Amino acid sequence: MDYESGSWIWDGVYHYPHVFGGLMLTAALLGLSTSYFSGIGLSPFRSDLGLFHKNKCHKKKKVRVYMDGCFDLMHYGHANALRQAKSLGDELVVGIVSDEEIIANKGPPVLSMEERLALVSGLKWVDEVIANAPYEITDKFMNSLFNDHKIDYIIHGDDPCLLPDGTDAYALAKKAGRYKQIKRTEGVSSTDIVGRILSSMKDTDSCGDHCDASALPGAAPKGSQLNNVPKSQFLPTSRRIVQFSNGKGPGPNARVVYIDGAFDLFHAGHVEILRGARQLGDFLLVGIHPDNVVREHRGRNYPIMHLHERSLSVLACRYVDEVIIGAPWEVTKDMIMTFNISLVVHGTVAERNSLLADAPDPYAVPKSMGIFRMLESPKTITTTSVAQRIASNHEAYLKRNAKKGESEKKYYKQKVFVSED
């Protein structure tokens, strides 16, 4: 045996890696010289013997999960569903149902595919998006998910998803043993939001000369009666806010960018302006105006979503680091110093109550400090324009809501205790 070449050592490592590793560790603990080992290019202090091909460690396979949906009128319930889905795996792939499939199974969508893509892609828990996914998980599509997209599990909420013929849209995934279920987020749905908008339209029609006919929902003078929009059933908790939050503050030298607004009916325009604002610094702080301020500056039928609902929608956006829940209308010097704000930005597309045209400039202070910047809004979509889409086709949405509303009533009638997710 050729001891000079050290082949006996390599043979030992190859056939008995654990024994040989133990011998080397013993030698090191006894203070024996390592010169012999180093002479053959093998240090007793190395712990990566697993690099040899017979003991090579493979990286743990990432679990990929899939969840689909229409994601029309995106809200915090959608975001929470995707957050729960992501917790069941390592990578979340989201399928967005096509316009044609939504029309066939539910009725006309409010938002276009492009807008829904922007909303879903902008969520912090989403890794990949599949556009124009089918409403039903067919054999062909399921095989594509498993083979082409390497999906391990298909996820859906615990509320039933039925096809027009009454069958379960996820029956095949359940039969294949590749289905997992999450809890439905209580207190909100797209049907509920459409209902709020439709109710505000009725209120606008009945308010006579006090309404601003240029917008739906309508604006009214300061001091007018509050709207008759259905109350939200959402019960916010500190735990939910923590689940949505990044949980990190800005670093000591971070460039903090601040942008504020109502962010009502969170839409693609909001996502794009937040993306642009985030690119201007290291930390994006977003101020969410309280309900009474939004009502004063936009009209009595606003906001459609209340403060905590709007705050969660913004927190779910991947470009947002932190929010101020109930931010003041005016950006003060004290506020700038408290949050160490380096830059205040505002989009070029914004909604205002025409009756308050002479109101003081809320950005007067940051402008005087030279830290204010107008940011070109990438999209022209607004909360009012979304509401107007429903108004222009309200008969179809009334029919859609009546159909969907029955299934939701059945769900709540049969509902039992809902555990924390």
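So, the buried residues of α11: we have A268, G269, H270, V271, E272, I273, L274, G276 and A277. This is a predicted model, by the way, so keep that in mind throughout. That list makes α11, residues 268-278, a mostly covered helix, with nine of its eleven residues buried.

What do those buried residues pack against? Two helices show up, α6 at 113-121 and α16 at 383-392, along with the strands β6, β7 at 283-288, β9 and β10.

Let me stay with β9 for a moment, residues 341-347. Six of its seven residues are buried, so the rest of the structure largely encloses this strand. On one side of the pairing list we've got β6, residues 256-261, which is parallel to β9 over four bridges. If you want a handle on the register there, V256 has I341 as its bridge partner in β9. Then there's β10, residues 372-375, which also runs parallel to β9 and is joined to it by four bridges. For that pair, look at V344, which stands opposite F372 in β10.

Okay, cavities. How many of 30 Å³ or more does the structure hold? Four. The largest has about 410 Å³ of space in it. Its lining runs to 29 residues, and the ones nearest the centre are H270, R298, H346, V349 and A350. You'll remember H270 from the buried set of α11.

Which elements build that lining? β6, α11, α12 and β9 each put in at least two residues. The top contributor is α12, residues 291-298, which supplies four. So much for who lines it; what about chemistry? For anyone thinking about what the walls look like, the lining of the largest cavity splits into 13 nonpolar residues, eleven polar and five charged.

Now let me zoom out to the whole chain. There are 17 helices and ten strands. Of the 421 residues, 50% are buried. The accessible surface comes to about 21,600 Å², and carbon and sulfur atoms hold 54% of that. And on contacts: take the ones with a separation of 6 or more, and 80% of them are between residues 24 or more positions apart.

If you open the model afterwards, I'd start at H270: it sits in the buried part of α11, and it is among the residues nearest the centre of the largest cavity. From there, go over to β9, with β6 and β10 as its parallel partners. That's what I had.

Technical notes
Residues are numbered from 1 along each chain as its sequence is written. This is a predicted model: local features need pLDDT of at least 70, side-chain atom pairs count only at pLDDT 80 or more; totals for chains, interfaces and linings use all residues. Side-chain values use heavy atoms; hydrogens and water are left out. Buried means under 20% relative accessible area, exposed over 50%, partly exposed in between (1.4 Å probe, protein chains only). Two strands pair if DSSP finds at least two bridges between them. Contact means heavy atoms within 4.5 Å. Accessible areas come from the Shrake-Rupley method with a 1.4 Å probe; for residues, only the protein chains shown count as cover. On a 1 Å grid over the protein atoms alone, a cavity is a set of points where a 1.4 Å probe fits but cannot get out, and a pocket is an open set with protein on both sides within 12 Å along at least five of seven lines; lining residues have an atom within 4 Å of a point. Grid points are joined across faces, edges and corners, and a volume is the space filled by probe spheres set on the points. Ala, Val, Leu, Ile, Met, Phe, Trp, Tyr, Cys and Pro count as nonpolar, Asp, Glu, Lys and Arg as charged, and the others, Gly among them, as polar.
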